[in-house]
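Visitor: I am new to this one and would like a short tour. Please show me the structure and start wherever you like.

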Amino acid sequence: MDPVDIGLWGVPLAILGGAIRVSTPFIFVSLGECLTERSGRINLGLEGTLVFGAMSGYAMAYETGSPFIGVLAAAVAGMLFGLFHGWICKFEGVNDIAVGIAMMLFGMGLAFFLGKPYIQPVAPDLPAIGFGWWSDIPQVRAALQVNVLFIAGGILALVMAWMFRSTRVGLVVRVVGDSTDAARAIGLNPDVVRLLATGAGGALAGVGGAYLSLYYPGSWSEGISSGQGLMAVALVIFARWNPINCFWAALLFGGAGALGPALQSVGVSEGYYLFFAAPYVLTLGLLILTSSPDRAMQGAPLALSLTK
Amino acid sequence: MRLMLGAEAVVIPLGALLAGFAAFSLFLLVLGKSPVEFFALVWKAGFSSAFSWQNTLSRSAPLVLAALCVALPARLGLVVIGGEGAIVLGGLAAGVTGLAVGGLPGVLGMGLMAAAGMVLGGLWIGAVGALRIKRGVNETISSLLMAYIAIALFNHFVEGLFRDPGSLNKPSTAPLAESLRVGDMPFISAHWGVVAGALACILCWILLEKTTLGFAARIAGDNIRAAQVQGLPVGPLVIGFTALGGAFAGLAGFFEVSAVHGSANGSLIAGYGYTGILVAFLARHNPLAIFPVAILLGGFEASSGLIQRRMDLPDATILVFQGMVFIIILLSEALYGRFAIFTPAYWERR
């Protein structure tokens, strides 16, 4: 089918399509970070986990021919990184933010080191589901090509919100995140809970990385991540540690990122590079508006070093 | 006894460094490569000759200044991780100023360029401090977001308004006049940014340890409420310290543009801001320790090329090596106060 001229309608459509495409890794990384931070720990190393997940997912998908085995491998690799981070941060006097940066360098280094042979080969892509079958307009169909991982991310956000609200596991994570002492008093081991929460968070970040290399942009290279892992920390704060807000924040962030390319597609190329800043300006602006010098951040886990 | 108490701060990091080397040796052995050859090459390329020292020192200069952008706010209990933005914008300001002051004598022109870089860098990170004080916005997050915004602004100007039409493949500002290029120091041919970095470290140490401002900052860093009750000017302290840190990062941008690249271009976005965070944490935010730590890291990075060629290892090898060493050094923080031999009680009993 040839593209139909749909005029300026192309802009919101391209933003919607871009938001769905670009936001998926943000959804997974921010949900992972959300879980970790709710347990009272911050993992700034998710950028390295994401890149390593992208590499290991791509490599395993290429070796086995199945993109889903790739996603699984990325989750396992991410979990190992998360567990390692969680184990290190257990020790008193170790700064979790600095360890995060070191883990970021280590993860990226290891991914580039081991991923060198996989830059050329082509691995199978993850499948997408076309939700645009009702339309004859190819742009609509293209915009509504929704990847299975995006749908999984949406479901996961709902599940995680339910978990925090009404399950025992969620309660345990919340107690540990709010007070180390209270958790100890009721017989919980905060170190173990945080270790597991950091491991699970890492696994989700690994899946986010696999999406990058197995769907969009869909190949493994050293420049695959543009800071998605680092931004997760900002998105979680922006989302006030609420999984469902994480989903919307990621979608908003993805949509803002798609603004520049969408405008360019209808011939507006003025300030093309400035539009790269759009998601960051939007996040910062909303943070400034919703913060207040008088009260602590709403919804923040009390044991989180970031909010002290 | 005092000697032994001080020794803890030297013995633990050195031991951790050796443990990091051992862990990386294991990694190399698993891959079937020789650790002996690796460390010999790091020594050769980073520290063995005048030429290698020149390379190492030049690479360490921006790391020193970027680390100060972390260490100064850290004294107030703030974790600023967006120094990269101040480096990039400082470099842009310096490069653009350089085009306007070409007619002035070199030293004056360079002074104005450095000032432009420092002012813009200072405003950029100072804004992070102001947002924290005035609006309660978390400084870690805002500085990170602003680093990405800074890079977008940088690309916008270098690709647009200030682009030299002659720079085809790599968009750059117009090349600086020869008189505005910071030259090499006598005897060791590394650029003057090394001296500037060393001086900045000493100045910061004096500020933090020997002045009432530094003392007030430490109290505010320990307990912000207590500092406010005491009537300390917490707001101006936060904004001042973040702005000063940003100014040093902007100065790093000036030296990269004037001494290394010759114009503002994409090479400025090299991640010095992020490596600087590690330098600051490894130095435990002590300005005097920042300098040697930065030299160590600069030496590691200087050896990357030689290791790639001689040992047939990918260029990411140094990244893996750095990551391992850093993690283990940070892990060693848990050991402080654990060894009886370094505590006063051990020596009083004797």
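Guide: Let us begin with B:Arg135, which, apart from its neighbours within four places in sequence, is in contact with A:Ile288, A:Ser291 and A:Pro293. Two residues are in contact if their C-beta atoms, placed from the backbone, lie within 7 Å. The model is predicted, and local features need pLDDT of at least 70, side-chain atom pairs count only at pLDDT 80 or more, and totals for chains, interfaces and linings use all residues. Residues are numbered from 1 along each chain as its sequence is written, while chains are lettered from A and ligands numbered from 1 in the order in which they are written.

Visitor: Where does B:Arg135 lie?

Guide: B:Arg135 is in helix H5 of chain B. Helices (H or I, at least four residues) and strands (E, at least two) are DSSP runs, numbered from the N terminus.

Visitor: And what does B:Arg135 count as, buried or exposed?

Guide: Neither; B:Arg135 counts as partly exposed because it has 15 C-beta neighbours inside 10 Å. A residue is buried if 20 or more other C-beta atoms lie within 10 Å of its own, exposed if 12 or fewer, and partly exposed in between.

Visitor: How many residues does each chain bring to the contact?

Guide: Chain B brings 39 residues and chain A brings 40 residues. On the side of chain B, helix H5 (106-135), helix H6 (139-159), helix H11 (272-282) and helix H14 (317-331) each supply at least two residues. H6(B) gives the largest share, 13 residues.

Visitor: What classes do the residues on that side of chain B divide into?

Guide: There are 26 nonpolar, 9 polar and 4 charged residues on the side of chain B that touches chain A. Ala, Val, Leu, Ile, Met, Phe, Trp, Tyr, Cys and Pro count as nonpolar, Asp, Glu, Lys and Arg as charged, and the others, Gly among them, as polar.

Visitor: Let us stay with chain B. How many helices and strands does its secondary structure come to?

Guide: Chain B has 15 helices and 0 strands. Its radius of gyration is 21 Å, close to the 20 Å that the globule rule gives for 350 residues, so chain B is as compact as a globular protein of that length. That radius is taken over C-alpha atoms, and the rule is 2.2 Å times the number of residues to the power 0.38. Of those 350 residues, 52% count as buried.

Visitor: Which domains is chain B divided into?

Guide: Domain 1 covers 1-33 + 313-350 and domain 2 covers 54-307; such bounds come from an automatic or database domain assignment. The C-alpha centres of the two domains of chain B lie 28 Å apart. Between them, 9 residues of domain 1 are in contact with 8 residues of domain 2.

Visitor: At what angle do the axes of H3 and H10 of chain B cross?

Guide: The axes of helix H3 (residues 50-74) and helix H10 (residues 234-261) of chain B cross at roughly 170 degrees and come within 7 Å. H3(B) and H10(B) are therefore roughly antiparallel to each other. Angles under 35 degrees count as roughly parallel, over 145 as roughly antiparallel, 65 to 115 as roughly perpendicular and the rest as oblique. The residues of this contact between H3(B) and H10(B) divide into 15 nonpolar, 3 polar and 1 charged.

Visitor: Turning to chain A, how many helices and strands does it have?

Guide: Chain A has 13 helices and 2 strands. Its C-alpha trace spans about 65 × 50 × 35 Å along the principal axes, and buried residues make up 56% of its 308 residues.

Visitor: Which residues of H7 in chain A are buried?

Guide: In helix H7 (residues 168-178) of chain A, the buried residues are A:Val173, A:Val175, A:Val176 and A:Gly177. The buried residues of H7(A) pack against helix H1 (10-38), helix H8 (180-185) and helix H9 (190-214) of chain A.

Visitor: What about unusual backbone geometry?

Guide: Most residues other than glycine have a negative phi, and most peptide bonds are trans. In chain A, a cis peptide bond joins A:Tyr216 and A:Pro217, with omega of about 5 degrees. A:Pro217 lies in the loop between H9 and helix H10 (228-238) of chain A. A:Trp241 is not a glycine, yet has a positive phi of about 60 degrees.

Visitor: Why does A:Trp241 count as buried?

Guide: A:Trp241 counts as buried because it has 24 C-beta neighbours inside 10 Å. A:Trp241 sits in the loop between H10 and helix H11 (243-257) of chain A.

Conventions: Axes are lines fitted to C-alpha atoms, for helices over the stretch in contact, and angles run from 0 to 180 degrees between N-to-C directions.
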